[in-house]
Amino acid sequence: MSKLNLYGRPWTIFKPEDKKHRDYYYNFVQTGTWGHCPVRFVVPEDHGDLVTMMQRSLVNYYVYREFGEAKTKKDNYARNKVSKSA
């Protein structure tokens, strides 16, 4: 086992309904670096990169909060996750 596994930041999945995760993204937007983020986010293969994935997730999250209706099957998944956490 690598020492990096012992000292590295833990991996997590980005959840737009989690205020801490939204704060981490906001801090990244302000500073342009992930250096102060206490976690590393997993990027699924069907998403291009971390920032794009987060932007799309946040747009879906806020659109659902604003209008309450998902437009696609992927949005339905996001809507179900938001409604369960609310």
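Four helices and two strands make up the secondary structure of the chain in this predicted model. Read from the N terminus, the elements follow the order α-β-α-β-α-α. The chain has 86 residues, of which 23% count as buried. Its exposed surface comes to about 6700 Å², with 54% of that area supplied by carbon and sulfur atoms. Among contacts in the chain with a separation of 6 or more, 52% are between residues 24 or more positions apart.

**Helices α2 and α3**

Two packed helices are described by the angle between their axes and the distance between the axes. Helix α2 covers residues 19–31 and helix α3 covers residues 50–67; their axes come within 12 Å and cross at roughly 125°. Angles over 145 degrees count as roughly antiparallel and those from 65 to 115 as roughly perpendicular; α2 and α3 are therefore oblique to each other. The crossing in which α2 passes α3 is left-handed.

On the α2 side, the residues in contact are R22, Y25 and F28. Their partners in α3 are V51, M54, Q55, L58, Y61 and Y62. Sorted by class, this contact of α2 with α3 consists of seven nonpolar residues, one polar residue and one charged residue.

**H21 and C37**

Two buried residues, one in α2 and one in the loop that follows α2, are set out below.

| Residue | Place | Relative accessibility | Contacts beyond four places in sequence |
|---|---|---|---|
| H21 | helix α2 | 7% | T12, I13, F14, K15 and F41 |
| C37 | loop between α2 and β2 | 5% | R9 and Y24 |

Why does H21 count as buried? The cut-off for buried is under 20% relative accessible area, and H21 has a relative accessibility of 7%, so H21 counts as buried. Helix α2 holds this residue. Leaving aside residues up to four places away in sequence, H21 touches T12, I13, F14 and K15, and also F41. Strand β2 spans 40–42.

C37 lies in the loop between α2 and β2. With a relative accessibility of 5%, C37 counts as buried because the same cut-off applies. Again leaving aside residues up to four places away in sequence, C37 touches R9 and Y24.

How far apart are the C-alpha atoms of C37 and H21? These atoms are separated by 9.5 Å, and the two residues are 16 residues apart along the chain.

Terms used:
Residues numbered from 1 in each chain as written. Predicted model: local features only at pLDDT ≥ 70, side-chain atom pairs only at ≥ 80, totals over all residues. Heavy atoms only, no water. Axes fitted to C-alpha atoms, helices over the stretch in contact; angles between N-to-C directions. Parallel < 35°, antiparallel > 145°, perpendicular 65-115°, else oblique. Left-handed = near helix turned anticlockwise from the far one by under 90°. Contact = heavy atoms within 4.5 Å. Nonpolar A, V, L, I, M, F, W, Y, C, P; charged D, E, K, R; others polar. Buried < 20%, exposed > 50% of the residue type's maximum accessible area, 1.4 Å probe, protein only. Areas by Shrake-Rupley, 256 points an atom, 1.4 Å probe, with all protein chains shown as cover.
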